[in-house]
Amino acid sequence: MFPLKYEGDIYRPPSEARSLILQATVGCSHNRCTFCAMYKQKKYRERELEELKEEIHAAGRLWPQTRRVFLADGNALTMTTEKLRSILQHLDSAFPLLERVAVYANPQDLLQKEIAELAELRSLKLGMIYLGIESGSGSVLQAVRKGASPEEIARGSARVKKAGIPLSVTLINGLAGLEGTEEHARESARLLNEIDPDYLGLLSLMIIPGTSLYREIKAGRFTPLGPWDMIREIRLMVEHLSLSNCVFRANHASNYLPLKAVLSRDRESLLATLDALLKSKAPGILRSEHYRML
Ligand code: SF4
């Protein structure tokens, strides 16, 4: 019998495609962002530790070769350090080859953990935190109701880095619409330069019916970027980036153009590629709207 229980749709970062997924929490504790519908059907709750322990050890008997685990849903790092410690210890004992556990986090989750707590979780194999920062602009973050300012995001991220946990941040291309595209690109680059993450993932905005953002568009208060405007925004952001050794990926199903680079090394060639594309605007290069998805 399949030992893991899943409630509703499960989301995970592309790089966790081969990880075992344990749904430690259900939904997102924030669940207010105007563009996001991922967890709208779920009321946030933590799953009982006893139930999780049973699932972990049953999965360990079935798949003892597991090396990576991802804790779903939207922000499992919001659990107390005590509960996370217990989950990590059980994972470590159930999977003898375990190398890394990863988790999504909200900026506020990071501010609720001291550096020493994060460092302890790291010693228990918490080896990657995926942080949705969405934008570096304070006004964009406020408009989308992210629940955190750029300063708070920078402070929370600094704790992760000081604790020695690899940090992967996600931005949303097109999140400020046509009205705010320049500010979104420049301010996002500024915040990223301050954070200096290990990984940067770029999603492209999808307009989901039923969300507040969808209603804003219908009311004429937000103008979505066209595909080439999206590429122009990426170009402007990359132009202003100066990161030490960040792996950049725009390989999500929502992206119009798959991109990857190590930003310290490939920044100039990435800019040249984007410039050439923007000049040619060759038909068929960008993913058609029909094939974009979350
Ligand atoms: S974007 Fe992230 S923080 Fe915002 S509602 Fe969705 S899952 Fe929650």
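**Stop 1: past the last helix**

Select Lys281 in this predicted model. Lys281 is partly exposed, with a relative accessible area of 37%. Look for Lys281 in the segment after H10. Check its backbone: phi is positive, about 45°, although Lys281 is not a glycine.

**Stop 2: H9 against H10**

Step back to helix H10, residues 263–280, and add helix H9, residues 227–239. Their axes come within 10 Å and cross at roughly 155°. That makes H9 roughly antiparallel to H10, because an angle over 145 degrees counts as such. The crossing of H9 past H10 is left-handed.

Now show side chains. On the H9 side, select Trp228, Ile231, Arg232, Ile234, Arg235, Val238 and Glu239. They meet Arg267, Leu270, Leu271, Leu274, Asp275, Leu277 and Leu278 in H10. Colour this contact of H9 with H10 by class: 9 residues are nonpolar, 5 are charged and none is polar.

**Stop 3: H7 against H9**

Keep H9 and bring in helix H7, residues 177–195. The two axes are 8 Å apart, and the helices pack at about 30°. H7 is therefore roughly parallel to H9. Their crossing is right-handed.

Which H9 residues does H7 meet? Select Asp229, Glu233, Leu236 and Met237. The H7 side supplies Leu178, Thr181, Glu182, His184, Ala185, Arg186, Ser188, Ala189 and Leu192. By class, the contact of H7 with H9 has 6 nonpolar, 3 polar and 4 charged residues.

**Stop 4: Glu183**

Stay in helix H7 and pick Glu183. Is Glu183 buried, partly exposed or exposed? It is partly exposed, at 39% relative accessible area. Set aside its neighbours within four places in sequence, and Glu183 is in contact with Ser137, Ser139 and Ser188. Draw a distance to Leu236: the C-alpha atoms are 10.0 Å apart, with the two positions 53 residues apart in sequence numbering.

**Stop 5: aromatic pairs**

Switch to the aromatic rings. The whole structure holds 6 aromatic pairs. Select Phe70 and Tyr130: their ring centres are 6.2 Å apart and their planes stand at 65°, so the pair is edge-to-face. Phe70 lies in strand S4 (residues 68–72) and Tyr130 in strand S6 (residues 126–134), so this pair ties together parts that are 60 residues apart in sequence. Both Phe70 and Tyr130 are buried.

Then select Phe2, Tyr6 and Trp63. Ring pairs link these three into a cluster.

**Stop 6: Gly127**

Return to strand S6 and choose Gly127. Its relative accessibility is 17%, so Gly127 counts as buried. Which residues does Gly127 touch, not counting those up to four places away in sequence? They are Arg100, Val101, Ile165 and Pro166. Val169 is 42 residues from Gly127 in sequence, and their C-alpha atoms are 14 Å apart.

**Stop 7: two backbone details**

Select Ala72 and Asp73. A cis peptide bond joins them, with omega at about 0°. Asp73 sits in the loop between S4 and helix H2 (81–94).

End at Asn31, in the loop between strand S2 (25–26) and strand S3 (45–46). Phi of Asn31 is near 55°, a positive value in a residue other than glycine. Asn31 is partly exposed, with a relative accessible area of 23%.

Note on methods:
Residues numbered from 1 in each chain as written. Predicted model: local features only at pLDDT ≥ 70, side-chain atom pairs only at ≥ 80, totals over all residues. Heavy atoms only, no water. Axes fitted to C-alpha atoms, helices over the stretch in contact; angles between N-to-C directions. Helix = DSSP H or I, 4+ residues; strand = E, 2+ residues; numbered from the N terminus. Parallel < 35°, antiparallel > 145°, perpendicular 65-115°, else oblique. Left-handed = near helix turned anticlockwise from the far one by under 90°. Contact = heavy atoms within 4.5 Å. Nonpolar A, V, L, I, M, F, W, Y, C, P; charged D, E, K, R; others polar. Phe/Tyr/Trp six-rings, centres within 6.5 Å; stacked < 30°, edge-to-face > 60°. Buried < 20%, exposed > 50% of the residue type's maximum accessible area, 1.4 Å probe, protein only.
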